[in-house]
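The following exercises concern a single protein chain. Please examine the sequence and the model before reading the solutions.

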Amino acid sequence: EGVRFDDAGHASPEQFIAASELAKRAGLEVDQDGPAWRSSEPGRGVSSLRSRQRDFFEGVRDLGATSSTHIKTWPNAHPQYWMDISLGSSRAWLTLTVNSVKNRVGCELHIPNDKALFADFLAKRETIEAALGATLEWREMPTKKASRIILLEDGDFRNEDEAPRLTQWLVNTADRFAAVFTPHLRAPALW
């Protein structure tokens, strides 16, 4: 109401008000510090959540480097919700994830551009799931280039009491995935 427009249909910038002023006029209370997930470490420009993700994955990397038997190299952790792990083949890799909204972690075999490879694995679903001792989520995603084979575990990686269990679960699960899938990435006829 009361906004004026020029001939091109644009409002003049001097008519705009800041979001905080708009909220005040609407009777809303605004936390001047902003939400906790926007806070950042001094000088790093990394949100608190991303910092915790990096710290958690550093623990995963450290444990994996000392205890994994089927993964040769564990990557450096970054401030993001995933960690990619090479299986020595460009046909597929492992992706470890943390989900702070659904409070779960995951290990997946990411097959970037090979629907035939996914189909080969799907045809051996029972054998693969028996070898892993788990029921997997099989996501072909026919409209996408990539396919994924996923195992999820409930738990909040930010909870200090749960983090050690989730770290161990990710390392153990990634190591089992590597043991089961890696030989077949190099020689699919092994089934």
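**Exercise 1.** In which sense do β1 and β2 pair, and over how many bridges?

*Solution.* The model is a predicted one, in which local features need pLDDT of at least 70, side-chain atom pairs count only at pLDDT 80 or more, and totals for chains, interfaces and linings use all residues. Residues are numbered from 1 along each chain as its sequence is written, and side-chain values use heavy atoms, with hydrogens and water left out.

Step 1. Strands (E, at least two residues) and helices (H or I, at least four) are DSSP runs numbered from the N terminus; two strands pair if DSSP finds at least two bridges between them.

Step 2. Between β1 and β2 there are 5 bridges, and the sense is antiparallel. Ile85 faces Leu94 of β2 across this pairing.

Step 3. The hairpin of β1 and β2 has 6 residues between the strands, and Gly88 adopts a positive phi near 80 degrees there.

**Exercise 2.** Determine how β2 is joined to β3, and state whether β2 is enclosed or open.

*Solution.* Step 1. β2 and β3 run antiparallel and are joined by 7 bridges. Val98 stands opposite Val105 in β3.

Step 2. Their hairpin leaves 4 residues between the strands, and Asn103 in the turn shows a positive phi of about 50 degrees.

Step 3. Buried denotes under 20% relative accessible area (1.4 Å probe, protein chains only). Because 5 of the 7 residues of β2 are buried, this strand is largely enclosed by the rest of the structure.

**Exercise 3.** Describe the largest pocket by volume and lining.

*Solution.* Step 1. On a 1 Å grid over the protein atoms alone, a pocket is an open set of points where a 1.4 Å probe fits, with protein on both sides within 12 Å along at least five of seven lines; lining residues have an atom within 4 Å of a point. The volume, the space filled by probe spheres set on the points, is about 290 Å³ for the largest pocket.

Step 2. Its lining consists of 17 residues, with Tyr81, Thr97, Asn99, Glu108 and Arg148 nearest the centre. At least two lining residues come from each of β1 (82-86), β2 (93-99), β3 (104-111) and β5 (147-154).

Step 3. By class, the lining of the largest pocket holds 7 nonpolar residues, 5 polar and 5 charged. Here Ala, Val, Leu, Ile, Met, Phe, Trp, Tyr, Cys and Pro count as nonpolar, Asp, Glu, Lys and Arg as charged, and the others, Gly among them, as polar.

**Exercise 4.** Place these strands within the whole fold.

*Solution.* Step 1. The protein contains 5 helices and 5 strands, in the order α-α-β-β-β-α-α-β-β-α from the N terminus.

Step 2. Of its 191 residues, 36% are buried.

Methods
Buried means under 20% relative accessible area, exposed over 50%, partly exposed in between (1.4 Å probe, protein chains only).
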